[in-house]
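Here is a protein to look at together. Have the picture open while you read, and turn it around as we go from place to place.

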Amino acid sequence: MRTKIWTMEEGLSGAVEALRQKETVAFPTETVYGLGADATSEEAVSKIFKAKGRPADNPLIVHIGERSQLSTVATSWSETAEKCMDAFWPGPLTVIVPSNHEAAPNVTSNLDTIGVRMPDHPVALELLSKAGVPIAAPSANSSGKPSPTTAEHVYEDLNGKITGIVDGGPTGVGVESTVVDCTSEVPVILRPGGITKEDLERVFDEVQVDPALEGTGERPKSPGMKYRHYAPDVPLWLVEGEDERFVTVLKYYKEEGKKIGVIASRELAAKLDHQPVAECGSRNNMAEVAVELYNALRSFSETDTELILCETFGEEGMGTAVMNRLRKAADHIFV
């Protein structure tokens, strides 16, 4: 299969027709690039799993272009869900609501709930509206690898495995949507992402975090809760503590003769006499770090780097999502 790349100048007609023909199409959202297929077709959705090498028991998020499309995949939904949609749609927030089982069973992993979101990206919204069906779309990468934030990242992972890619330029948020269970009165965060706990607390009196984020839950209701994700091609070690500790750890492994790559904030990078360094923004602006994170994780592919050392970040605001991704990607953590 030859993977087609559609530019914005070409328009979306080719991508829309491919989706209608039950094929797979990667497209930009405000978070990362998604790999889409008709959510009502088990055959189409199975092509997502095959292309990504994704475990079949890992549910998918359904994307819609208009709020009225929610009723195509959900039965009724709670006031909690309504408040989330009012406050954050379109945007990087996925609501978990009761499924009406119109979506293919491999979308939900046969759960009675389904995750739905409306992305805040003009290309995605136009594509979803023109497709005329809800679109299941996990991140458009090989399963377990860093998510793609450019069309080039998608092509690196999935060339020859999917029908086409809509090249809408770099994404904005950089990490996936926040997933919130809205099946009860109190919203429960199942996956941290582009909408922070603090954002939700401005809408709700109480916001809970699911124990599964700490590895203590049972069957996952959300993507990204069960399997290792976001891992670069090179082993990734996280280094907790002050900058001086990072400098010491880096020096030790350099003296051992290892070829080290570093992922660091602007502040730490300024203290290092070392190359290569993938700088990922200021630690005082975690939204900036989130935007650069996956590109940094991918930056050492096809190099002679043997080990990546990465600093850790405070877990407030977007830092929660950043550290969630880094822990899932890491082979080891220096504590």
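The buried residues of helix α11 pack against β10 (188-191), β12 (236-239), α10 and β15. Keep in mind that this is a predicted model. Helix α11 spans residues 319-329 and is mostly covered, with nine of its eleven residues buried. Among them are Gly319, Ala321, Val322, Met323 and Leu326, and Asn324, Arg325 and Lys328 count as buried too.

Now follow β15 to one of its partners. Strand β13 (residues 260-264) joins β15 (residues 307-311) through four bridges, and the two run parallel. Ile260 is the residue that stands opposite Leu307 in β15. Strand β13 also has three bridges to β14 (residues 277-279), again in parallel, and there Ala264 has Glu279 as its bridge partner.

Which residues of β13 are buried on each side? On one face you'll find Ile260, Val262 and Ala264, on the other Gly261 and Ile263, and all of these are buried. That fits the count for β13, where five of five residues are buried. As a rule, side chains in a regular strand alternate between the two faces of the sheet.

Next up is an open sheet of eleven strands. Their order is β1-β8-β2-β3-β7-β4-β6-β5-β9-β10-β11, and the pairing is mixed. β1 (4-6) and β11 (208-209) sit at the edges with a single partner strand each, so one side of each has no neighbour in the sheet. Elsewhere in the order, β5 and β6 pair in the antiparallel sense over four bridges, and Val97 stands opposite Ile114 in β6.

What about the nonpolar packing? The largest nonpolar core has 45 residues, and Leu93, Val107 and Leu200 touch the most other members. Several elements supply at least two residues each to this core: β3, α2 (42-52), α3 (79-88), β5 (93-98), β6 (113-117) and α6 (151-158). The largest share comes from α2, with five residues. A second, separate core holds 28 residues, including Tyr230, Leu236, Met286 and Met318.

Zoom in on Leu200. Leaving aside neighbours within four places in sequence, Leu200 is in contact with Cys84, Phe88, Leu93, Val180, Ile189, Ile195 and Val207.

Two loop residues make a nice pair to look at. Thr24 is in the loop between α1 (13-20) and β2 (25-28), while Val186 is in the loop between β9 (178-181) and β10. Are they buried or exposed? Thr24 counts as buried because its relative accessibility is 2%, under the 20% cut-off. Val186 has a relative accessible area of 21%, so this residue is partly exposed.

Their surroundings are worth tracing as well. Not counting neighbours within four places in sequence, Thr24 is in contact with Leu35, Gly36, Ala37, Ala44, Lys47, Ile48, Lys161, Ile162, Thr163 and Gly164. With residues up to four places away left out, Val186 touches Thr80, Asp181, Glu206, Val207 and Gln208. For a sense of distance, Val186 and Gly257 are 71 residues apart in sequence and 52 Å apart in space, C-alpha to C-alpha.

Finally, let's look at the empty space. Rolling a probe the size of a water molecule over the atoms shows where such space is left. A search of the whole structure turns up two cavities of 30 Å³ or more. Here are the largest cavity and the second largest pocket:

| Space | Volume | Lining | Make-up of the lining |
|---|---|---|---|
| Largest cavity | About 280 Å³ | 27 residues | nine nonpolar, twelve polar, six charged |
| Second largest pocket | About 260 Å³ | 14 residues | three nonpolar, five polar, six charged |

Which residues lie nearest the centre of the largest cavity? They are Ala137, Pro138, Ser139, Glu176 and Arg191. Strands β3 (33-38) and β4 (61-63) each supply at least two residues of that lining.

In the second largest pocket, Glu156, Asp157, Asp233, Arg298 and Ser301 lie nearest the centre. Helices α6 and α10 (286-298) each give at least two residues to the lining of this pocket. Helix α10 takes us back to the start, as one of the elements that the buried residues of α11 pack against.

Note on methods: Residues numbered from 1 in each chain as written. Predicted model: local features only at pLDDT ≥ 70, side-chain atom pairs only at ≥ 80, totals over all residues. Heavy atoms only, no water. 1 Å grid on protein atoms, 1.4 Å probe; cavity = no way out; pocket = protein on both sides within 12 Å on 5 of 7 lines; lining within 4 Å. Points joined across faces, edges and corners; volume = space filled by probe spheres on them. Nonpolar A, V, L, I, M, F, W, Y, C, P; charged D, E, K, R; others polar. Core = buried A, V, L, I, M, F, W, Y, C linked by side-chain atoms within 4.5 Å. Buried < 20%, exposed > 50% of the residue type's maximum accessible area, 1.4 Å probe, protein only. Contact = heavy atoms within 4.5 Å. Pairing = 2+ DSSP bridges.
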